[in-house]
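The following note sets out points for consideration on the model under review. Each point is kept brief and may be read beside the coordinates.

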Amino acid sequence: MKKLVLALLCVALAAPAWAASVTVTGAFARATAPGADTGAVYLGLQSDLPDTLTGVASGVASGAMLHQTTMQGMVMSMDMLDHIDLPAGQEVTLAPGGRHIMLEGLKQPLVKGSHIPLHLTFAHAAPMDILVPVAGLAATAPNE
Ligand SMILES: [Cu+2]
């Protein structure tokens with residue numbers, strides 16, 4: 001009985017901390033060639049309060065991480081980010097050529113026209129599960 005009361009209390013206490021709400025717009029993944037091990041997801045995020053995207057995961061991949069693509073001359077490299085800041089009321093865009101969600105260890109090819117699950121965790125807002133449409137192999141927008 002004590003445990004139940006404690007659990008209810010935790011829920012009550014946690015609710016105000018999750019008052020921040022994050023909106024996801026224009027999410028899409030790029031289709032992958034058969035046998036590809038990695039995939040990329042792009043999206044826009046906007047939080048009504050200052051927040052931080054702290055983690056990503058997907059059931060179609062054994063791992064997922066936040067990456068930043070940078071060009072040094074003609075050489076493209078990807079650096080891991082451990083979080084992405086979400087300033088209040090400002091849209092933060094993860095787009096081809098810049099920041100993205102990297103899926104690693106794909107368990108299946110990402111097929112154009114299908115949807116993949118994506119789990120997002122934040123410092124303040126409640127964790128979010130969304131379905132991301134898969135666009136073309138070189139898509140730069142959801143409808144390509
Ligand atoms: Cu990457």
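**Notes on the predicted model**

1. Of the 144 residues that make up the protein chain, 35% count as buried. The model is a predicted one, and the remarks below should be read accordingly.

2. On secondary structure, the protein chain contains one helix and 10 strands. Followed along the sequence, these elements give the pattern α-β-β-β-β-β-β-β-β-β-β. Sequence-distant contacts deserve mention here: among contacts between residues at least 6 apart in sequence, 67% join residues at least 24 apart.

3. Which atoms coordinate the copper ion? The donors are His67 through ND1, Met78 through SD, His100 through NE2 and Met102 through SD, at 2.0 to 2.3 Å. The arrangement is tetrahedral because the angles subtended by the four donor atoms around the copper ion run from 93 to 121°. Along the sequence, the spacing of the donor residues is H-x10-M-x21-H-x1-M. Within this set, histidine 67 in strand S4 (residues 61-72) and methionine 102 in strand S8 form a pair that links distant parts of the chain, being 35 residues apart.

4. Are histidine 67 and methionine 102 buried or exposed? Histidine 67 has a relative accessibility of 6% and therefore counts as buried. Methionine 102 is likewise buried, its relative accessible area being 9%. The cut-off that applies to both is under 20% relative accessible area.

5. The largest pocket holds about 200 Å³ of space. Its lining consists of 15 residues, and those nearest the centre of the pocket are Arg30, Ala40, Tyr42, Met78 and His100. Two of these names, Met78 and His100, also appear among the donor residues of the copper ion. By residue class, the lining divides into eight nonpolar, six polar and one charged.

6. Which strands supply at least two residues each to the lining of the largest pocket? They are strand S2 (38-47), strand S5 (75-81) and strand S8 (99-106). The greatest contribution to this lining comes from S2, which gives three residues.

7. Threonine 121 belongs to strand S9 (residues 115-122). Its relative accessible area is 25%, so threonine 121 is partly exposed. Leaving out residues up to four places away in sequence, threonine 121 touches Thr52, Leu53, Thr54, Gly55, Val56 and Pro127. Between threonine 121 and alanine 57, which lie 64 residues apart in sequence, the C-alpha to C-alpha separation is 8.8 Å.

8. Threonine 52 sits in strand S3 (residues 51-57). With a relative accessible area of 17%, threonine 52 is buried. When residues up to four places away in sequence are not counted, threonine 52 touches His83, Ile84, Asp85, Leu86, Thr121, Phe122 and Ala123.

9. Valine 56 is also found in strand S3. Valine 56 counts as buried because its relative accessibility is 13%. Beyond its neighbours within four places in sequence, valine 56 is in contact with Ala64, Met65, Leu66, Ile101, His119, Leu120 and Thr121. The C-alpha atoms of valine 56 and histidine 83 are separated by 9.7 Å, and the two residues are 27 apart along the chain.

10. In closing, threonine 121 may be examined together with strand S3, since the contacts of threonine 121 include both Thr52 and Val56, with threonine 52 and valine 56 each assigned to that strand.

Methods
Residues are numbered from 1 along each chain as its sequence is written. This is a predicted model: local features need pLDDT of at least 70, side-chain atom pairs count only at pLDDT 80 or more; totals for chains, interfaces and linings use all residues. Side-chain values use heavy atoms; hydrogens and water are left out. On a 1 Å grid over the protein atoms alone, a cavity is a set of points where a 1.4 Å probe fits but cannot get out, and a pocket is an open set with protein on both sides within 12 Å along at least five of seven lines; lining residues have an atom within 4 Å of a point. Grid points are joined across faces, edges and corners, and a volume is the space filled by probe spheres set on the points. Helices (H or I, at least four residues) and strands (E, at least two) are DSSP runs, numbered from the N terminus. Ala, Val, Leu, Ile, Met, Phe, Trp, Tyr, Cys and Pro count as nonpolar, Asp, Glu, Lys and Arg as charged, and the others, Gly among them, as polar. Donors are N, O and S atoms within 2.8 Å of the metal (3.2 Å for Na, K and Ca); water is not among the atoms, so sites may look incomplete. Four donors count as tetrahedral if all angles lie between 85 and 135 degrees; four count as square planar and six as octahedral if opposite donors are over 155 degrees apart and all others between 65 and 115; anything else is irregular. Buried means under 20% relative accessible area, exposed over 50%, partly exposed in between (1.4 Å probe, protein chains only). Contact means heavy atoms within 4.5 Å.
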